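Here is a short report on one chain. Keep the sequence and the 3D view open as you read.

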Amino acid sequence: MNFVMIQASISMLTIPLAGHLSDRFGRRRITAIGCVLMMVYPFIYFGVLDTRSIGLAFLAIAIALPIHDLQYGPQAAFIAESFPGSLRYSGSSLGYQLASITAGGPAPIVAALLFREYGTSTAIAVYIAISALISLVCVFLLPDNAGEGDAE
């Protein structure tokens, strides 16, 4: 429980930092960096977890959180800015909730099935890397409307 609290404290700092970085350098750029890192890091992450060392597992998770937060910090603004003012709230909410149902919810089940089928965490790392690649493509397909106020 102490490890989880420490790791949550890390994200408590890195999520706003990632949001700030996206304000400064662009939502697309910061999110894309997070996606690229997430395409590589799962292989390192699961390799470290496979050592079964508690200290190394803590370190692997603690490093993973800021990578995740590079994508999560800018997410709300990046999604909301993709819609005109008249649709912003409902559009971003609907997109966010549908993503949770279609991608986030089944992810642990898919990971368990992959591990059962292939017997290795590498299969899970490939799944995460492919998901990050899909996210990266979507990042570049979304319009970058940062700073464009819409007073509708």
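pLDDT is the predictor's confidence in each residue, on a scale from 0 to 100. It applies here because this is a predicted model. The chain has a mean pLDDT of 89, and 95% of its residues reach 70 or more. Among the elements of the chain, H2 has the highest mean, 96, and H4 the lowest, 83.

**Cores**

The largest nonpolar core has 13 residues. Tyr41, Tyr45, Phe46 and Ile124 have the most contacts inside it. Helices H2 (27-49), H3 (54-80), H5 (107-118) and H6 (121-141) each give two or more residues to this core. Apart from it lies another core, of 5 residues, among them Ala32, Cys35, Phe78 and Val139.

Take Phe46 from the largest core. Setting aside neighbours within four places in sequence, Phe46 is in contact with Ser121, Ile124, Ala125 and Ile128.

**Helix H3**

Which helices do the buried residues of H3 pack against? They pack against H1 (2-25), H2, H4 (88-104) and H6. Those buried residues include Ala57, Phe58, Ile67, Leu70, Pro74 and Phe78. Asp69 and Gln71 of H3 are buried as well.

H3 bends by about 45° at Pro74. Its end-to-end span still agrees with the value expected at 1.5 Å a residue. H5 agrees too. The table gives both helices.

| Helix | Residues | Expected span | Distance between end C-alpha atoms |
|---|---|---|---|
| H3 | 27 residues | 39 Å | 39 Å |
| H5 | 12 residues | 16 Å | 16 Å |

After H5 comes Gly119, with a positive phi near 70°.

**Thr31**

Thr31 is found in H2. Is Thr31 buried or exposed? Thr31 counts as buried, because its relative accessibility is 7% and the cut-off is under 20%. Beyond residues up to four places away in sequence, Thr31 touches Leu70, Gln71, Pro74, Phe78 and Val139. Of these, Leu70, Gln71, Pro74 and Phe78 are buried residues of H3. Phe78 and Val139 are also among the residues of the 5-residue core.

**Cysteines**

How many disulfides does a search of the whole structure find? It finds 0. Cys35 is in no disulfide, and the nearest cysteine sulfur is that of Cys138. The two sulfurs are 8.8 Å apart, which is too far for a bond, because a disulfide needs sulfur atoms within 2.5 Å.

Cys35 has 1% relative accessibility, so Cys35 counts as buried. Cys138 has 39%, so Cys138 counts as partly exposed.

Notes: Residues are numbered from 1 along each chain as its sequence is written. This is a predicted model: local features need pLDDT of at least 70, side-chain atom pairs count only at pLDDT 80 or more; totals for chains, interfaces and linings use all residues. Side-chain values use heavy atoms; hydrogens and water are left out. A nonpolar core is a set of buried Ala, Val, Leu, Ile, Met, Phe, Trp, Tyr and Cys residues joined through side-chain atoms within 4.5 Å. Buried means under 20% relative accessible area, exposed over 50%, partly exposed in between (1.4 Å probe, protein chains only). Helices (H or I, at least four residues) and strands (E, at least two) are DSSP runs, numbered from the N terminus. Contact means heavy atoms within 4.5 Å. The expected span of a helix is 1.5 Å times one less than its number of residues. The bend at a residue is the angle between axes fitted to the seven residues ending there and the seven starting there.
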